[in-house]
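Student: I've got a new model open and want to go through it with you. Can we take it piece by piece?
Tutor: Sure, put it up.

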Amino acid sequence: MKHIKHIFFDLDDTLWDFEKNSGLILQQLFLEFDLTGKLKTDFNNFHTTYKKTNSLLWLQYAKKEIDKKYLRNHRFNLVFNQFDYDNYDENLIITDHYLNRAPNGKHLKEGCIDILEYLKQNYQLHIITNGFKEIQHIKIDGSGLRNYFSNIIISEEHNLTKPDEQIFRLAETLSGAKKEECIMIGDSFTSDVEGALNAGWEAIYFSLELDKTYTGRSISNLGELRSLF
Ligand SMILES: [Mg+2]
């Protein structure tokens, strides 16, 4: 990939281990608020339901069907409701705790720092992340990622969300790159892979499970990038 000069990474579950960091805090809150008693379920069931609900809300947010406030203020209660429990005020208190604690997580995906050290020698590295600015900056600083990246593009700061082609055009402008010099690496097929390919970039799909229907470039751990660059 000699023509590539700029490598753009997604943040959540590509570099920063969202699944682990978020899961640990949800587990604390589940215990502290006795959700097992209130929802009559175990943590794994709660966590699976939370993840599904959260993904659906993010899809609605990306389509501008709901705003940030709605997403935040209803997320936990929408999960509660699926277990026949309704408590809007408690939902707000848990939301506050979650938003204050989760971004401080420091777990990165396996091999993250090693591969960034390796890639930074020959490429300019950047981040494009869909997320809220105050949260993403805490994650990036707290986990020691900041200094590896020339540009950190957070969707909320530009009012553009992946896979919108405009966020990729903006990324080119900010980094002084031509589209044929750019590659995107991320774990979201729609936002990262399709988004980048539609913008005329190359893409690498970071997928823990082998997706046999996708014939493009993919990796199942960050270390595999060494053989590609
Ligand atoms: Mg991601």
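Student: What do β2, helix α7 and β3 make together?
Tutor: A right-handed β-α-β unit. Helix α7 covers residues 133–142. Keep in mind that this is a predicted model.

Student: In which sense do β2 and β3 pair?
Tutor: Parallel, over 4 bridges. Strand β2 runs through residues 124–129 and strand β3 through 151–154.

Student: Which residue in β3 stands opposite His 126?
Tutor: Asn 151.

Student: And what is the strand order in the open sheet?
Tutor: β3-β2-β1-β4-β5-β6, with parallel pairing. There are 6 strands in that sheet. The edges are β3 and β6, and each of them pairs on one side only. Strand β6 is residues 218–219.

Student: How many bridges join β1 and β2?
Tutor: They pair over 4 bridges, again in the parallel sense. One contact to look at is Phe 9, whose bridge partner in β2 is Ile 127.

Student: Now the packing. Which residues touch the most other members of the largest nonpolar core?
Tutor: Phe 8, Ile 183, Trp 201 and Ala 203. That core has 36 residues. Elements that each supply at least two of its residues include β1, β2, β3, β4 and β5 among the strands, and α6, α9 and α10 among the helices.

Student: What is Ala 203 in contact with, leaving aside neighbours within four places in sequence?
Tutor: Ile 183, Met 184, Asp 192, Val 193, Ala 196, Leu 197 and Gly 216.

Student: Anything else on cores?
Tutor: Yes. A second, separate core has 10 residues, including Leu 26, Leu 39, Phe 46 and Phe 80.

Student: Switching to domains. How is the chain divided?
Tutor: Domain 1 is 6–17 + 108–227, and domain 2 is 18–104. Their C-alpha centres lie 26 Å apart. The contact takes 10 residues from domain 1 and 8 from domain 2.

Student: What classes of residue are on the domain 1 side of that contact?
Tutor: 4 nonpolar, 2 polar and 4 charged.

Student: Next, Asn 21. Where is it found?
Tutor: In helix α1.

Student: Is Asn 21 buried or exposed, and why?
Tutor: Asn 21 is buried, because 23 other C-beta atoms lie within 10 Å. Leaving aside neighbours within four places in sequence, Asn 21 is in contact with Trp 16, Ala 102, Gly 105 and His 107.

Student: How many residues apart in sequence are Asn 21 and Gly 105?
Tutor: 84, yet they are 5.0 Å apart in space, C-alpha to C-alpha.

Student: Backbone oddities next. What about phi of Asp 13?
Tutor: Asp 13 has a positive phi of about 65 degrees, although it is not a glycine. Asp 13 is in the loop between β1 and α1. Asp 13 counts as partly exposed, because it has 18 C-beta neighbours inside 10 Å.

Student: And what is phi of Asp 84?
Tutor: Near 55 degrees, a positive value in a residue other than glycine. Asp 84 is in the loop between α4 and α5.

Student: Is Asp 84 buried or exposed?
Tutor: Asp 84 is exposed, with 9 other C-beta atoms within 10 Å.

Student: Last one. Is the peptide bond from Lys 162 to Pro 163 cis or trans?
Tutor: Cis, with omega near 10 degrees. Pro 163 is in the loop between α8 and α9.

How values were computed:
Residues numbered from 1 in each chain as written. Predicted model: local features only at pLDDT ≥ 70, side-chain atom pairs only at ≥ 80, totals over all residues. Pairing = 2+ DSSP bridges. Right-handed = clockwise from strand over helix to strand, strands pointing away. Core = buried A, V, L, I, M, F, W, Y, C linked by C-beta atoms within 7 Å. Buried ≥ 20, exposed ≤ 12 C-beta atoms within 10 Å, placed from the backbone. Contact = placed C-beta atoms within 7 Å. Domains from an automatic or database assignment. Nonpolar A, V, L, I, M, F, W, Y, C, P; charged D, E, K, R; others polar.
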